[in-house]
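Please open the model in your viewer and follow the stops below in order, selecting each element as it is named.

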Amino acid sequence: MDFAFATDPAPGRRNEDHVVVSAGFAILLDGVTQLPGLDSGCLHGPNWLVRMLGAHLTEALSADRTTKLDEVLAGAIEGVSRRHAHECDLTNPDSPSSTVAIVRERDGQVDYLVLCDSAVVFEHADGITVINDDRTGGLPAYDRVSVARLRNRRGGFWVASTDPAAATEAITGSIGRSELSRLLLCTDGVSRLVDFFGFTWPEVFDLVERRGPGAAIEAVRRCEVERPERLHTTGRTVKRHDDATLAVLLG
Ligand SMILES: [Zn+2]
């Protein structure tokens, strides 16, 4: 399996998305933006977290194709925690965190894992299947204290941060490689094309097939400028621009 990808930070910001592709797997991470002045207990921040998680996941996925993806993720969270436990307070409920989306080919199967609000989308003979974890969509409150309290707690939502147990809450599964016609992974900065701006997934696939993954991000940026009111249809605060990343399976 070969992948093409594109990634673009929200205009004027540092990219807190991260993508790694290799023959046989793809990893997408979306670091959760921290409020300015927030004490996260960590000297490093989300940009560091996604790069370190990407490195640990890449090492594990490259070394061995048989370990279950939730175990791979738990090991990576543990590995990243070890890197900064000596200098950061990993018990802080505002520790940097990241969504995770992974696909991996193994013996004619494609395994997938999704944690938090990134997505794996595939097209097959029966249509489109979207693997997403919508537990962030139904929280009782979205203020900072409530979200910190609901993070990595039963009844709340799960995200990759300092607790390896979050990995067991990821959505995982497999599909036969021969059943797949098209597949992509994306962060919510790209899925907003479908969630808010009226695209269908087949239209996103068609656009990417014709003009490459960067064209999907160009479409996002155009919609954000031309129809920003669409982002306020759910009653939740949605950023005008967000980091946007996708990886797409080639042929
Ligand atoms: Zn740290």
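Two strands count as paired if DSSP finds at least two bridges between them, where strands (E, at least two residues) and helices (H or I, at least four) are DSSP runs numbered from the N terminus. This is a predicted model, in which local features need pLDDT of at least 70 and side-chain atom pairs count only at pLDDT 80 or more, while totals for chains, interfaces and linings use all residues. Residues are numbered from 1 along each chain as its sequence is written.

Begin with the whole protein chain, whose secondary structure comes to six helices and ten strands. The radius of gyration, taken over C-alpha atoms, is 17 Å, close to the 18 Å that the globule rule (2.2 Å times the number of residues to the power 0.38) gives for 251 residues, so the chain is as compact as a globular protein of that length. Along its principal axes the C-alpha trace spans about 45 × 45 × 30 Å.

Next, select strand S9, residues 180–186, where five of the seven residues are buried, meaning that 20 or more other C-beta atoms, placed from the backbone, lie within 10 Å of the residue's own. Across the protein chain, 43% of the 251 residues count as buried.

Now add strand S6, residues 119–124, which pairs with S9 in the antiparallel sense over six bridges; if you pick Glu123, its bridge partner in S9 is Arg182.

Finally, show strand S10, residues 244–249, which pairs with S9 in the antiparallel sense over three bridges. Here Leu184 has Val248 in S10 as its bridge partner.

Technical notes: A residue is buried if 20 or more other C-beta atoms lie within 10 Å of its own, exposed if 12 or fewer, and partly exposed in between; C-beta atoms are placed from the backbone.
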